[in-house]
Structure formats: structure tokens, C-alpha cells
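Got your viewer open and a hand on the mouse? Load up the model and follow along, one selection after another.

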Amino acid sequence: MKKFFLFQFLLISFLSNAQLTDLARLEYSFIPKNKSEDQYTRIRALVNYPIKIKEDTYFVIGAEYNHIFLNLNDSYPFDTSSLEKVTVIDLNLAYTHKLNDIWRVAYTISPRLASTLNGKITSEDLFLNGGIFFIKDKTKITTVRKPYRLILGLTYNTTAGIPFPLPLISYFSEINENWSYTVGVPKMNVKYRFDEKKNLQAFVGLDGYYAHMQRPTSIQGKQVDNISLSLIVGGLGYEYSLSKYLVLYSYAGYTLRLNNVLRNADRENVFTLDDVNAFYLRTGIKFRL
């Protein structure tokens with residue numbers, strides 16, 4: 001059960017990219033540690049470029065860069081200098097085409113570098129994600145009374161420690177011209193659209209990362225090889241469209257679950273850096289389809 005819970009968080013960015021609705025994004029995240037000088041900040045940038053192969057068939061190449069600053073200023077029983085920064089880089093490759101008039105399929109593969117990058121890159125810093133997604137999109141069809149989008153998928157992630165694919169689902173529906181909702185992973189929300197430019201939403205979502213430590217440390221006789229952060233966040237989000245495709249956004253809320261952990265080579269918990277819920281902020285700009 002613990003491995004399955006960790007697996008959900010490790011698939012967050014992968015599933016987001018698999019939907020391929022953002023052509024570019026620049027984002028800043030911030031979580032201060034409660035009653036502490038520590039804080040977590042992240043700068044994230046991504047780009048996806050679709051290449052039309054033929055009618056309704058596309059190859060998409062993309063990349064995502066995450067630079068994470070842990071800012072561990074409290075006193076710890078080990079040297080934290082090798083944990084100041086974590087880098088996660090994904091190369092995202094996807095091929096999508098229509099199966100029929102109802103369903104579209106997308107095949108994705110995402111090689112990943114996730115490491116503290118204190119030295120030379122090795123195979124332990126490299127991971128591989130992949131998946132297949134079936135998409136039924138009725139959001140652009142005017143004859144549908146309540147437009148919706150259903151995504152069913154199977155995903156595989158080498159950092160999860162589970163040697164088989166797991167299913168994922170996401171369902172979006174428009175109730176009327178103002179209200180819509182999404183259920184699934186990595187995000188659930190209820191959205192109210194004021195007009196064509198502005199919307200407000202209540203959301204619950206997942207966030208986090210998993211990375212290799214290039215300078216393993218020992219804590220109470222146990223070696224630490226990896227670091228992971230997993231979050232469940234709830235709050236409010238606001239989006240403002242500068243144009244048809246360019247959107248400013250900001251999400252603010254509170255973590256419902258926070259777990260920042262140092263792990264051994266078998267992904268077992270060795271030391272908990274933080275498990276106290278705190279304020280959460282994520283803001284940025286995106287260029288979307």
C-alpha cells in the first residue's frame with residue numbers, strides 16, 4: 001500500500017505532460033516549512049512541440065526542467081550541503097492518432113534525469129517513465145449537451161518500485177457555460193468561469209518529486225541514497241487569459257499531506273525531513289492549446 005501511494009506522486013508530472021495541453025509553461029512554487037527556517041522552492045519550465053504526421057496524427061517532442069531549492073537551514077544530525085539543490089529533467093516523447101470517431105490514443109515515453117547533481121551523472125540518476133492513454137474528447141462538439149473529456153491510461157514508472165503498469169483515469173465535464181469540474185489524478189477541481197478571460201477554482205491536487213543523491217550520507221548507521229517529496233494540496237486557483245492561448249495563473253492553499261523523506265536504495269524511509277502541513281503557493285504563465 002505504501003509503494004502504491006508513493007507511485008501516485010511519482011506520476012504527477014508525467015500524467016500532466018501526457019495530456020499535452022500546454023505548449024509552454026514557466027512556473028514558481030513555494031512551501032515554507034511550518035515553525036522553521038526551512039523552505040521549499042521550485043522553478044519549473046516546460047515546452048511541447050507537436051509535429052503533424054498526417055491528418056489527426058501527431059508526434060510530440062517536449063522537455064521539462066525542474067530546479068528545486070530545499071533551503072535546509074535547521075539543525076540536522078548530518079551534513080545537508082549535498083541536499084541544497086535537486087534537478088529533475090524530462091524528455092517527453094508522444095505519438096497520438098485517432099482510433100475512430102470517438103477515441104484517440106497517445107503513446108508516451110519519458111526518459112528522466114533526477115539527481116542532486118553533485119558529481120558525474122551515472123545510471124542511478126536516470127529513470128524511465130512511459131504509458132498509453134485513451135482519450136474521448138467531446139469538449140468541442142456543439143451538439144453535446146454537456147461537453148466532457150475522459151482519459152483512461154496505463155502508466156509505468158521505474159522509480160516507483162512496482163514492476164507492472166498501473167491504471168489512471170481523468171474525467172472533465174462542463175455543467176453549463178459557467179461551471180465545470182474534473183475528477184481523477186493528478187488534480188480534482190470545481191471551476192467557475194466569470195467570462196472568457198477569468199475563472200476561479202477550488203482544487204485538490206498532487207505534487208512532488210523523487211531523486212537520487214549523488215553523495216550518499218549515513219544517518220544512525222543507515223545509508224541514504226534517495227530523496228522524495230510527496231504532497232496533497234487543497235486550495236483556490238485563479239486564471240486570467242491575456243489572449244486566447246496565453247494564461248496567467250496562481251494557486252494558493254494548504255497541504256493536506258506533506259512527506260519529505262530521505263530513503264535508502266530499497267526506497268525505505270530512513271529520515272523524515274518534514275511531515276508538518278504548511279502553506280502552498282504556485283504561480284506562473286502558460287501557453288496552451
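Is Arg267 buried, partly exposed or exposed? Select Arg267 to begin: with a relative accessible area of 25%, this residue counts as partly exposed. Bear in mind along the way that what you're looking at is a predicted model.

**Two backbone oddities**

Stay on Arg267 for a moment. You'll find this residue in the loop between S13 and S14. Arg267 isn't a glycine, yet its phi is positive, at about 65°.

Now jump to Asp56, in the loop between S2 and strand S3 (57-69). Here again is a residue that is not a glycine but has a positive phi of about 65°. Asp56 is partly exposed, at 30% relative accessibility.

**A chain of charges**

Next, select Arg25, Glu27, Arg42, Arg44, Glu64, Asp207 and Arg282 together, and show their side chains. Salt bridges link these residues into a network.

Zoom in on Glu27. Its side chain meets that of Arg42 in a salt bridge, 3.3 Å from N to O. Arg42 sits in strand S2 (residues 39-54) and Glu27 in strand S1 (residues 22-32), so this pair ties together parts that are 15 residues apart in sequence. Both Arg42 and Glu27 are buried.

Turn the view until you can see Arg282 too. Arg282 also forms a salt bridge with Glu27, and the closest N and O atoms are 3.0 Å apart. Because Arg282 belongs to strand S15 (residues 279-288) and Glu27 to strand S1, this pair ties together parts that are 255 residues apart in sequence. Arg282 is buried, just like Glu27.

For another pair, pick Arg112 and Asp90. Their side chains form a salt bridge at 2.6 Å, N to O. Arg112 is in strand S5 (residues 103-115) and Asp90 in strand S4 (residues 85-98), so to speak two distant parts of the chain, 22 residues apart, that the pair links. Both Arg112 and Asp90 are buried. Count up the salt bridges in the model and you get 14.

**Into the nonpolar core**

Which residues have the most contacts inside the largest nonpolar core? Select Leu70, Tyr209, Ile227 and Leu262: those are the ones, in a core of 32 residues. Color the strands S4, S11 (198-219), S12 (222-241), S13 (246-263) and S14 (269-274), since each of them supplies at least two residues of this core. S11 gives the most, with six residues.

Center on Leu262 and look around. Beyond its neighbours within four places in sequence, Leu262 is in contact with a list of residues that includes Phe78, Leu83, Met213, Ile227, Val270 and Phe271. Not every partner on that list has a nonpolar name tag: Asn226, Glu268 and Asn269 are among them.

**A glycine tucked away**

Still in strand S12, go to Gly237. This glycine is buried, with a relative accessible area of 1%. Draw a line from its C-alpha to that of Gln201: the two are 5.1 Å apart in space, though 36 residues apart in sequence. Leaving aside neighbours within four places in sequence, Gly237 is in contact with Asn199, Leu200, Gln201, Phe203, Ser250 and Tyr251.

**Strands side by side**

Switch to cartoon view and select strand S7 (residues 148-157) and strand S8 (residues 166-174). They run antiparallel and are joined by eight bridges. To spot one, look at Leu152, whose bridge partner in S8 is Ile169.

Add strand S9 (residues 179-184) to the selection. S8 and S9 run antiparallel as well, with five bridges between them. One to find is Tyr171, which has Val183 as its bridge partner in S9. Together S8 and S9 make a hairpin, with four residues between them.

**Last stop: empty space**

How many cavities of 30 Å³ or more are there? The count is two, and the largest has a volume of about 140 Å³. To find its centre, select Lys33, Gln39, Tyr40, Asn260 and Asp274, the closest to that point of the 15 residues that line this cavity. S1, S2, S12, S13 and S14 each supply at least two residues of the lining.

Note on methods. Residues are numbered from 1 along each chain as its sequence is written. This is a predicted model: local features need pLDDT of at least 70, side-chain atom pairs count only at pLDDT 80 or more; totals for chains, interfaces and linings use all residues. Side-chain values use heavy atoms; hydrogens and water are left out. A salt bridge is a side-chain nitrogen of Lys or Arg within 4 Å of a carboxyl oxygen of Asp or Glu. Buried means under 20% relative accessible area, exposed over 50%, partly exposed in between (1.4 Å probe, protein chains only). A nonpolar core is a set of buried Ala, Val, Leu, Ile, Met, Phe, Trp, Tyr and Cys residues joined through side-chain atoms within 4.5 Å. Contact means heavy atoms within 4.5 Å. Two strands pair if DSSP finds at least two bridges between them. On a 1 Å grid over the protein atoms alone, a cavity is a set of points where a 1.4 Å probe fits but cannot get out, and a pocket is an open set with protein on both sides within 12 Å along at least five of seven lines; lining residues have an atom within 4 Å of a point. Grid points are joined across faces, edges and corners, and a volume is the space filled by probe spheres set on the points.
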